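Grab a pencil and work through a few short exercises. Each one comes with a solution you can follow step by step.

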Amino acid sequence: MLCVKCGKELADGVGFCRFCGSPQMAGGTVPGGGPASAGAGRSPAIDLPTLSTQDYIIVSALIAIALLLVLIFAVS
Ligand SMILES: [Zn+2]
């Protein structure tokens with residue numbers, strides 16, 4: 001097995017690295033694996049509802065019309 005911290009070769013089943021002294025996880029799992037990194041692939045921002053290009057144009061047009069109406073009423 002390899003040290004989880006310094007990566008040096010250790011005897012299987014040792015509790016601590018004899019080079020750097022860091023405690024070793026049982027089973028010698030590779031750092032970086034596991035459910036934590038698997039869940040990191042999905043960003044919460046991606047789950048937000050996104051407007052399609054057509055919807056974006058419609059919303060922009062509505063905002064422009066609303067601004068025009070405000071300007072018209074403000075001038076008159
Ligand atoms: Zn080590």
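**Exercise 1.** Find the place of aspartate 12 in the chain and decide whether aspartate 12 is buried or exposed.

*Solution.* Start with the place: aspartate 12 sits in the segment before H1. Keep in mind that you are looking at a predicted model. Next, count neighbours: 7 other C-beta atoms lie within 10 Å of aspartate 12. The cut-off for exposed is 12 or fewer, so aspartate 12 is exposed. To finish, look back along the chain to leucine 2, which is ten residues away in sequence and 8.5 Å away in space, C-alpha to C-alpha.

**Exercise 2.** Do the job again for glycine 15, and work out which residues glycine 15 touches, leaving out those up to four places away in sequence.

*Solution.* Glycine 15 is also placed in the segment before helix H1, which covers 35–39. With 9 other C-beta atoms within 10 Å, glycine 15 comes out as exposed. Now for the contacts: with residues up to four places away set aside, glycine 15 touches Pro23 and Gln24. Methionine 25 is worth a look too: its C-alpha is 7.5 Å from that of glycine 15, with the two residues ten apart in sequence.

**Exercise 3.** Take cysteine 3 and cysteine 20, and sort each by its C-beta neighbours.

*Solution.* Both belong to the stretch ahead of H1: cysteine 3 is found in that segment, and cysteine 20 is found there as well.

- Step one: cysteine 3 has 19 other C-beta atoms within 10 Å. A residue needs 20 or more to be buried, so cysteine 3 is partly exposed.
- Step two: cysteine 20 has 12 C-beta neighbours inside 10 Å and therefore counts as exposed.
- Step three: check the contacts, not counting residues up to four places away in sequence. Cysteine 3 touches Lys8, Leu10, Cys17, Phe19, Cys20, Ser22 and Gln24. Cysteine 20 touches Cys3, Lys5 and Cys6.
- Step four: add two distances. The C-alpha atoms of cysteine 20 and lysine 5 are 7.7 Å apart, with their positions 15 residues apart along the chain. Those of cysteine 3 and glycine 21, 18 residues apart along the chain, are separated by 9.3 Å.

**Exercise 4.** How far does helix H2 reach, and how many of its residues are buried?

*Solution.* H2 runs over residues 53–75, which makes 23 residues. From its first C-alpha to its last, H2 reaches 33 Å, close to the 33 Å expected at 1.5 Å a residue. As for cover, there's hardly any: the count of buried residues in H2 is zero.

**Exercise 5.** Zoom out and describe the whole chain.

*Solution.* First, the secondary structure: two helices and zero strands. Then burial: 0% of the 76 residues count as buried. Last, the contacts with a separation of 6 or more: 6% of them join residues 24 or more positions apart.

Technical notes. Residues numbered from 1 in each chain as written. Predicted model: local features only at pLDDT ≥ 70, side-chain atom pairs only at ≥ 80, totals over all residues. Helix = DSSP H or I, 4+ residues; strand = E, 2+ residues; numbered from the N terminus. Expected span 1.5 Å × (residues − 1). Contact = placed C-beta atoms within 7 Å.
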